[in-house]
Each structure stands twice: as structure tokens, then as C-alpha cells.
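Biologist: I have the sequence and the structure open. Can we go through the ligand site and then the core?
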Amino acid sequence: MENQNQIYDFRSDTVTKPTEAMLEEILKAKVGDDVYGDDETVNQLEVMTADKLGKEAALYVPSGTMGNLIAVMAHTSPGQEVILEESCHIYLYEVGGIARLAGVQAKTLKGVNGMMKVEEIEAAIRQENIHFPESGLICLENTHNMSGGMVLPLEEMKKVYKLAQIKQIPLHIDGARIFNAANYLKVDVKEIAQYADSVMFCLSKGMSAPIGSMLVGTKEFIAKARKLRKMLGGGMRQVGIIAAAGIVALRDHGGWLDLDHQNASTLAEGLNAIEGIKVDTEKVHTNILMADVSATGIKVPELVEKMKEKGLLVNPRNESLIRFVTHRGVNSNDVEAAIKIVKEILA
Ligand SMILES: *Cc1c(COP(=O)(O)O)cnc(C)c1O
């Protein structure tokens, strides 16, 4: 339980450290210059990824942000419009890269639990008119970070993809946590990826690899993406050193995500039982939860600071919400300790 000086880090699943198996594979990794296509480990990771996602090809990229940016650049032309949910990561947390570097403008729609309504997407697609930009891309985010890691319903994704195909507009999934979504839905990740032309996912979050994300799509798309990655400075050399950990992540993540989701659910119930704190436990699908602390009478930054003093690290989301994320670095004892700390602060 709660030890002095112990840190309980619920800020993000990005804080996960590599497993022993990853470190062992890193030592053994066969490497080469990946810009020349010579890194066997990266090549293996890319083949494995494409196969897992049910797509033709894959590209290893340094970060999810770069993967999303490359996808937007590869799918669109400058001056086009991208349809996105208004609280998605690409729009909120990627430094406006799609505007500055891809030269596209965002058309945001309000989603319900992170999912935009198909009718609203259809209405947002531009008609041909001399005044209008063209609609160049639709993006979905699954799991949806700002909705507290909620999973988009497969049926809705299918409808949106059908619409995208009819309108001949590509669809990209920001699937930073797509393996969490697949785990929740109890489906193979291919079942989700089938409703998109491209998918980005992170190896460096719940998957526990230290660095890196993957982008998947057709061979043609990935060839284009590879060149854009080089342009953005993301062409790396003996990068099999880190890709080796990615291979282990793809192999070993299943049980970790099961536990992360159980822990999030336990944490949600524990926090929700505390006077002044509200967590919509029905909405805790995966490893993220949003705790509404507005009824505690303590302002979010102050509460976050008090938690920090007791070793509990979390991220403030806005004036009423605090985000907790479970991951391989926190176990069920840490969850109990976190609940106890919050109880003590509010007692
Ligand atoms: C973390 C995240 C990203 C970006 O990944 P980085 O590797 O941190 O750049 C993109 N989309 C979502 C939904 C994320 O949570």
C-alpha cells in the first residue's frame, strides 16, 4: 500500500518503461541503415505490423504526432479541408502541424463520446463550388483520449467509412491506443482497421515500448509516407535498436492491457465512491478515466498539487476534470494507494 516517498504515476501510459524482454531483444537486434532499408529489425517490425492491422504496408515513425502529420500530408493537398472531431488529439495537441506543415484547414465537428455523427460528416463534406475548399480527409480517433479513452462503436465506424468511400475521401484513424480499443471490443485489431485507409498507433503508450509509432496503409500510401518522413527529419539509421522493443510490444501487450483496463475500472469505482468526486464508470472503457472534482470545493491545480505532495501524479484536464491513466507501471496496490491518498486529502 502507501509507502513514504513512493510515486504513483497516473499521468499517462507514455511513462511506461521497457520490459526485461525488450531490453534483451534490444541487445540482440540486427541493425542496419534504415534510410537504405537495411535494418532487418525495422523491416521485421513493419511486416509484422502490416500483417497485424490487415494492411499492405507499414512505416515505423518516431512519434504518433509525426505519424498523424505524415498521414494528413500523404492523403491531402495544401488548401484542402480535413474533417475532425473537435476535441481530437490532431486538432488540440499537435501544435497546429496540419495547418502549418500540411497546409490544410480543419473542419471540426462536435462528437458524442468522441464519435462524430455520420449525417454531420456527410453535411460537412464540401460540394463542388468555385468558392469552396475540397474535403480531403476524414479523421477518427480510437480510443478517444479526451472522452476518457472511450471506444468508438464499430457500427458507426463502418458507416463513416462507407460514406468516405462513396465520396472518395480517405479516412485516417488516429489509433494511438487502437490496441486498447480492440481489447475492449474483444475483437482483432484488424476489425477496427478495416474501416480506414490508414491507421497510426503508438508503441510507446500502453504497449510499453520506449519510443515509436506505426503508420499503416496501402503500399502506395506508405511509399509516399516514407518520403514525407525523410522530409520531416524522421529517417533514422540503426533504429532497429528501438524497433526491437516494438516487436516485443506487439507480441506481449495482451495481458498488460487486460490489467490496465481492470485497474482503471477499479480506480473509477473507488474514486466515484469518494464524496465530491464523480466518475462516470460506464464511460471507463479502457485505461483512461476523467474524474470530475468540481464538487470537492478545491480548484483542480490545487488538488493536483496536494496529490503530488503525497506522491500521486495525475494530469489536470480542465477546470473540473482530472485525468488518470493506468498502465504497466501501476498495479492494483497502486490503485488502492491512489484511492486512499485522494480520500485522505478530501477527509
Ligand atoms: C499520444 C497521442 C498521440 C501522439 O503520440 P506522440 O507519440 O505522443 O506524439 C496522438 N493521438 C492520440 C490520441 C494520443 O493519445
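Biologist: What classes of residue make up the shell around the ligand?
Modeller: This is a predicted model. In it, the shell has six polar, five charged and three nonpolar residues.

Biologist: Which residues come nearest to the ligand?
Modeller: Of the 14 residues around the ligand, those are Gly-64, Thr-65, Asp-174, Arg-177 and Lys-205.

Biologist: What does Thr-65 lie 2.6 Å from?
Modeller: A polar side-chain atom of Thr-65 lies that far from an oxygen atom of the ligand. Asp-174 has a side-chain N or O atom 2.6 Å from a ligand nitrogen. For His-89, a polar side-chain atom is 3.4 Å from a nitrogen atom of the ligand.

Biologist: And how much of the ligand does the protein bury?
Modeller: 85% of the 380 Å² that the ligand exposes when taken alone.

Biologist: Which elements give two or more residues to that shell?
Modeller: α3 (64-75) and β7 (198-202). The largest share, three residues, is from α3.

Biologist: Switching to the core. Which members of the largest nonpolar core touch the most others?
Modeller: Tyr-60, Ile-121, Ile-138, Leu-171, Phe-179 and Leu-203, out of 56 residues. Helix α11 (residues 240-272) supplies the largest share of this core, ten residues.

Biologist: What is Leu-203 in contact with, beyond its neighbours within four places in sequence?
Modeller: Its contacts include Leu-45, Tyr-60, Met-214, Ala-249 and Leu-250. Ser-208, Gly-212 and Gly-246 are also among them.

Biologist: What other core lies apart from that one?
Modeller: One of 30 residues, including Val-284, Val-293, Ala-337 and Ile-341.

Terms used:
Residues numbered from 1 in each chain as written. Predicted model: local features only at pLDDT ≥ 70, side-chain atom pairs only at ≥ 80, totals over all residues. Heavy atoms only, no water. Core = buried A, V, L, I, M, F, W, Y, C linked by side-chain atoms within 4.5 Å. Buried < 20%, exposed > 50% of the residue type's maximum accessible area, 1.4 Å probe, protein only. Helix = DSSP H or I, 4+ residues; strand = E, 2+ residues; numbered from the N terminus. Contact = heavy atoms within 4.5 Å. Near = heavy atom within 4 Å. Polar contact = N/O pair within 3.5 Å; in protein donor to acceptor, adjacent residues only side chain to side chain. Areas by Shrake-Rupley, 256 points an atom, 1.4 Å probe, with all protein chains shown as cover. Nonpolar A, V, L, I, M, F, W, Y, C, P; charged D, E, K, R; others polar.
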